[in-house]
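The following report sets out computed features of a single chain. It proceeds from individual residues to the chain as a whole and back to selected contacts.

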Amino acid sequence: MKSARKDEDPEKKIRGPGGKLALWAFWLFCLHFILSLAQIVWTANRTAAIPARVLSDAEPGQWILALLSLLTFGTVGLILGGIAWYTRPRGTNA
């Protein structure tokens, strides 16, 4: 029998392998999302200023595609976050 150190809780709950995988997938998705936003900001800062008239003349398909991309990122993030939360370590009563 191993003796527990003073700073370790012997009743500490440990996440299972599936939960660890779900948590890693969630954090990697968050990192990918942040890097994608940084790339967009980096690209936008390197381009010349666009007059407001050009933005209003943009095809509606471009705006719909941007909205669908945002909704897709949000949906995937919610699903991965939900899976990571569902597979969290729980007490014996759960």
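## Lys20 and the start of α1

Lys20 is found in helix α1. The model is a predicted one, and in it Lys20 has a relative accessible area of 44%. Because the partly exposed class covers values between 20% and 50%, Lys20 is classed as partly exposed. Its C-alpha atom lies 8.6 Å from that of Arg88, although the two residues are 68 positions apart in sequence.

## Arg15 and its contacts

Arg15 is placed in the segment before α1, the helix that spans residues 17-46. Its side chain makes two polar approaches to backbone oxygens: one to Ala84 at 3.1 Å, and one to Thr87 at 3.5 Å.

Once residues up to four places away in sequence are set aside, Arg15 touches Lys20, Leu23, Ala84, Thr87, Arg88 and Pro89. Ala84 and Thr87 therefore appear both in this contact list and as partners whose backbone oxygens are reached by the Arg15 side chain, a contact being defined by heavy atoms within 4.5 Å. Lys20, likewise touched by Arg15, is the residue whose C-alpha atom was placed 8.6 Å from that of Arg88.

## Overall architecture

The chain contains three helices and zero strands. Read from the N terminus, the order of elements is α-α-α. Of the 94 residues, 7% are buried. The exposed area of the chain is about 8600 Å², and 68% of that area is supplied by carbon and sulfur atoms.

An unreviewed UniProt entry assigns the feature "transmembrane region" to residues 21-42 and 62-86. In the model, the stretch 21-42 is 100% helix and 0% strand. The C-alpha atoms at the two ends of this stretch are 31 Å apart.

## Aromatic residues of α1 and α3

Trp27 is located in helix α1. With a relative accessible area of 53%, Trp27 is exposed, because the exposed class begins over 50%. Trp27 and Gly81 are 54 residues apart along the chain, and their C-alpha atoms are separated by 8.9 Å.

Phe73 belongs to helix α3, which comprises residues 60-86. Its relative accessible area is 26%, so Phe73 is partly exposed. Beyond its neighbours within four places in sequence, Phe73 is in contact with Phe29, His32, Phe33 and Ser36. For one of these partners, Phe29, the C-alpha to C-alpha distance from Phe73 is 9.1 Å, across a sequence separation of 44 residues.

## A nonpolar patch

Which residues make the nonpolar surface patch? The patch is formed by Ile64, Leu67, Leu68, Leu70 and Leu71, and its area is about 500 Å². Leu71 lies in helix α3. Is Leu71 buried or partly exposed? At 49% relative accessibility, Leu71 counts as partly exposed. Patch members must have over 30% relative accessible area, so the value of 49% for Leu71 meets that cut-off.

Methods
Residues are numbered from 1 along each chain as its sequence is written. This is a predicted model: local features need pLDDT of at least 70, side-chain atom pairs count only at pLDDT 80 or more; totals for chains, interfaces and linings use all residues. Side-chain values use heavy atoms; hydrogens and water are left out. UniProt positions are given in the numbering used here, feature names are shortened, and annotations may be inferred rather than shown by experiment. Helices (H or I, at least four residues) and strands (E, at least two) are DSSP runs, numbered from the N terminus. Buried means under 20% relative accessible area, exposed over 50%, partly exposed in between (1.4 Å probe, protein chains only). Accessible areas come from the Shrake-Rupley method with a 1.4 Å probe; for residues, only the protein chains shown count as cover. A polar contact is a pair of N or O atoms within 3.5 Å; within protein, one must be able to donate a hydrogen and the other to accept it, and residues adjacent in sequence count only if both atoms are side-chain atoms. Patches are made of residues with over 30% relative accessible area and no salt bridge: like charges are joined within 9 Å, nonpolar side chains (Val, Leu, Ile, Met, Phe, Trp, Tyr) within 5 Å. A salt bridge is a side-chain nitrogen of Lys or Arg within 4 Å of a carboxyl oxygen of Asp or Glu.
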